[in-house]
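Welcome, and please take a moment to look over the sequence and the model shown here. We will walk through them together, one place at a time.

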Amino acid sequence: MEVTAKIAPSMLSSDFANLASEAQRMLNSGADWLHMDIMDGHFVPNLTIGAPVIESLRKHTKAYLDCHLMVTNPIDYVEPMGKAGASGFTFHVEASKDNWQELIQRIKSLGMRPGVALKPGTPIGDVFPLVEAETPVEMVLVMTVAPGFGGQKFMPEMMDKVRILRKKYPSLDIEVDGGLGPSTIEMAASAGANCVVAGSSVFGAPEPAEVISLLRNSVQKAQQKC
Ligand code: DX5
Ligand code: ZN
């Protein structure tokens with residue numbers, strides 16, 4: 001089974017005061033998913049949005065809300081996020097060492113798609129048990145910057161993690177997040193990533209649709225080569 005390209009603009013780079021229209025602008029520009037960065041000011045040194053904002057946005061769009069939880073206690077967020085209308089719930093492996101099994105089950109029982117993210121310093125082997133579990137995660141998000149802020153520089157050395165994952169799990173959704181744009185997408189796409197988060201490169205472009213389509217074409221071209 002071939003995994004499909006999903007381009008997910010990071011709403012962290014949007015004008016939060018106009019979130020609904022910014023979301024619609026991205027969907028009109030060809031976005032597949034909307035990437036929502038939930039930060040608690042503890043797991044990462046930044047504070048963004050939570051379930052109330054997801055709930056408000058959900059009233060304006062049916063889009064897939066790809067929620068990335070950069071929080072210390074992800075289990076506490078499952079019910080509020082599920083009720084708010086989140087589509088994907090991606091928690092950090094570093095914050096779920098003891099309870100990832102329960103976490104995955106709760107995420108699924110609230111109708112969301114479970115994913116796991118890992119920071120640049122975390123070895124890739126830490127996520128294998130979650131992908132191979134009886135109730136597995138359905139996506140792995142490989143951070144290509146230190147989580148916390150948009151607009152940072154892509155870390156090419158993270159591509160080894162993507163290559164290892166793609167070789168081991170041909171039909172897994174593999175997402176890359178941080179510093180992705182026209183100058184870095186080739187590296188990520190050829191390593192095997194199929195879900196691409198892009199904040200500053202999309203929102204900073206005069207024509208976001210052109211960047212979204214370039215990102216998608218790179219993923220599809222790399223897939224044809226293998
Ligand atoms: C960083 C977030 C990213 C961020 C990406 O912690 O997880 O989703 O918004 O932004 P860019 O694409 O600007 O690096
Ligand atoms: Zn993110």
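The paragraphs below visit the metal site, the bound ligand and then several residues elsewhere in the chain. Please keep in mind throughout that this is a predicted model.

Let us begin at the metal. Which protein residues act as donors to the zinc ion (ligand 2)? They are His 35 through NE2, Asp 37 through OD, His 68 through ND1 and Asp 177 through OD, at 2.1 to 2.3 Å from the ion. If you trace these donor residues along the sequence, their spacing reads H-x1-D-x30-H-x108-D. The zinc ion has six donor atoms around it, and because the angles they subtend run from 69 to 170°, the arrangement is octahedral. For orientation, the ideal angles for six octahedral donors are 90 or 180 degrees. Two of the donor residues can also be described by how much of them is accessible. His 35 has a relative accessible area of 0% and is therefore buried. Asp 37, at 6% relative accessibility, counts as buried too, because the cut-off for buried is under 20%.

Now turn to ligand 1. There are 20 residues around ligand 1, and those that come nearest are Ser 10, Gly 148, Asp 177, Gly 199 and Ser 200. You have already met Asp 177 as one of the donors of the zinc ion. Asp 37, another of those donors, has a polar side-chain atom 2.8 Å from an oxygen atom of ligand 1. The backbone takes part as well: a backbone N or O atom of Gly 148 lies 2.7 Å from an oxygen atom of ligand 1, and for Gly 179 the corresponding distance is 2.8 Å. How much of ligand 1 does the protein cover? On its own, ligand 1 has 380 Å² of accessible area, and the protein covers 100% of it.

From here, move to Asp 40, in the loop that runs between strand E2 (33–39) and helix H2 (51–58). Setting aside neighbours within four places in sequence, Asp 40 is in contact with Asn 46, Leu 47, Met 70, Val 71, Thr 72 and Tyr 77. With Thr 72 there is a particular pairing to look for: the backbone nitrogen of Thr 72 lies 2.8 Å from a polar atom of the Asp 40 side chain. Asp 40 and Gly 50 are 10 residues apart in sequence, and their C-alpha atoms are 8.4 Å apart in space.

Next comes Leu 65, which belongs to strand E3 (residues 64–70). Is Leu 65 buried or exposed? Its relative accessibility is 0%, so Leu 65 counts as buried. Beyond neighbours within four places in sequence, its contacts include Leu 34, Met 36, Ile 54, Leu 57 and Gly 85. The C-alpha atom of Leu 65 is separated by 9.9 Å from that of Met 112, a residue 47 places away along the chain.

Ser 96 is found in the loop between strand E4 (88–92) and helix H4 (100–109). Ser 96 counts as buried because its relative accessibility is 1%. Apart from neighbours within four places in sequence, Ser 96 is in contact with Phe 91 and Leu 103.

For a helix, look at Val 211 in H9 (residues 208–225). At 9% relative accessibility, Val 211 also counts as buried. Not counting residues up to four places away in sequence, Val 211 touches Pro 182, Ser 201, Val 202 and Ala 205. Pro 9 is 202 residues from Val 211 along the chain, yet their C-alpha atoms are separated by 10 Å.

We finish at Gly 125, placed in the loop between strand E5 (113–118) and helix H5 (128–131). With a relative accessibility of 34%, Gly 125 counts as partly exposed. Gly 125 and Leu 27 are 98 residues apart along the chain, and 35 Å separates their C-alpha atoms.

Note on methods
Residues numbered from 1 in each chain as written. Chains lettered and ligands numbered in written order. Predicted model: local features only at pLDDT ≥ 70, side-chain atom pairs only at ≥ 80, totals over all residues. Heavy atoms only, no water. Helix = DSSP H or I, 4+ residues; strand = E, 2+ residues; numbered from the N terminus. Buried < 20%, exposed > 50% of the residue type's maximum accessible area, 1.4 Å probe, protein only. Contact = heavy atoms within 4.5 Å. Donors = N, O, S within 2.8 Å, 3.2 Å for Na, K, Ca; no water. Tetrahedral: all angles 85-135°; square planar, octahedral: opposite > 155°, others 65-115°. Near = heavy atom within 4 Å. Polar contact = N/O pair within 3.5 Å; in protein donor to acceptor, adjacent residues only side chain to side chain. Areas by Shrake-Rupley, 256 points an atom, 1.4 Å probe, with all protein chains shown as cover.
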